[in-house]
Amino acid sequence: MIFYKKIKPASFYFAFFLFSITNAAAQKREYTYRTANDTTQNFYYSLIPENKIEGLLMIFPGFGTMPREMLLETDLPEKALAKNYLVVIPVLDKWDPFYMDNLCMNRMDTLLKEIYVNHKIPDN
């Protein structure tokens, strides 16, 4: 005897959405960890367009939100990526809200310099 479990439509659409954003073509997605042996802070998630990068969009996640979860909260990263913007979602400190303390400001300064050099973002 075969039993079928009824799938709620919302669950189906959520799974389809997850599949579509994680398997989108013509782009590269990667984590960059800036502190050796530490995956809890000072890193960023990048969505890199296939074509020449036109600019940079940096989005700061809310309290406790992981970078990839931001892709479920807004379509802004996908829209920017479609226009050939590099999208970066950083985590500067250990999942705390973004504080404007010296540590976070220093990390932000070095992160921006690193991104501009590594990805050859135009200065426009």
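Among contacts in the protein between residues at least 6 apart in sequence, 68% join residues at least 24 apart; contact here means heavy atoms within 4.5 Å. The model is predicted, so please keep its filters in mind: local features need pLDDT of at least 70, side-chain atom pairs count only at pLDDT 80 or more, and totals for chains, interfaces and linings use all residues. Residues are numbered from 1 along each chain as its sequence is written, and side-chain values use heavy atoms, with hydrogens and water left out.

**Overall layout**

- You will find 4 helices and 4 strands here, taken as DSSP runs numbered from the N terminus (helices H or I, at least four residues; strands E, at least two).
- Starting at the N terminus, the order of elements is α-β-β-β-α-α-β-α.
- Of the 124 residues, 32% count as buried; buried means under 20% relative accessible area, exposed over 50%, and partly exposed in between (1.4 Å probe, protein chains only).
- About 8500 Å² of the protein is exposed, and carbon and sulfur atoms supply 58% of that area; the areas come from the Shrake-Rupley method with a 1.4 Å probe, and for residues only the protein chains shown count as cover.

**Helix α4**

- The 18 residues of helix α4 (residues 102–119) should span 26 Å at 1.5 Å a residue, and its end C-alpha atoms are indeed 26 Å apart; the expected span is 1.5 Å times one less than the number of residues.
- Cys-104, Arg-107, Met-108, Leu-111, Ile-115 and His-119 are the buried residues named in α4.
- Viewed down the axis of α4, its buried residues fall within an arc of 100°, so they line one face of the helix; the arc is that of the directions from the helix axis to the C-beta atoms.
- An α-helix has 3.6 residues a turn, so residues three or four places apart point the same way.
- On the face of α4 turned away from its buried side sit the exposed residues Asn-102, Lys-113 and Val-117.
- The buried residues of α4 pack against β1 (27–33), β2 (43–49), β3 (55–58) and β4 (85–91).
- Lys-120, just after α4, takes a positive phi of about 50°.

**Nonpolar cores**

- The largest nonpolar core has 12 residues, including Tyr-44, Val-88, Met-108 and Ile-115; such a core is a set of buried Ala, Val, Leu, Ile, Met, Phe, Trp, Tyr and Cys residues joined through side-chain atoms within 4.5 Å.
- Elements giving two or more residues to this core are β2, β4 and α4, and α4 gives the most, with 4 residues.
- A second, separate core of 9 residues includes Leu-47, Ile-59, Ala-80 and Leu-81.
- Leaving aside neighbours within four places in sequence, Val-88 is in contact with residues including Tyr-44, Ser-46, Met-58 and Ile-115.
- Ser-46 belongs to strand β2 and is buried, with a relative accessible area of 0%.

**Aromatic pairs**

- The structure holds 4 aromatic pairs; rings of Phe, Tyr and Trp (its six-membered ring) pair if their centres lie within 6.5 Å, with planes under 30 degrees apart counted as stacked, over 60 as edge-to-face and the rest as tilted.
- Tyr-31 and Tyr-33 have ring centres 5.9 Å apart and planes at 10°, so the pair is stacked.
- Tyr-31 and Phe-43 form a tilted pair, 6.0 Å centre to centre with 50° between the planes.
- Tyr-31 lies in strand β1 and Phe-43 in strand β2, so the pair ties together parts that are 12 residues apart in sequence.
- Phe-43 counts as buried at 3% relative accessibility, while Tyr-31 is partly exposed at 32%.
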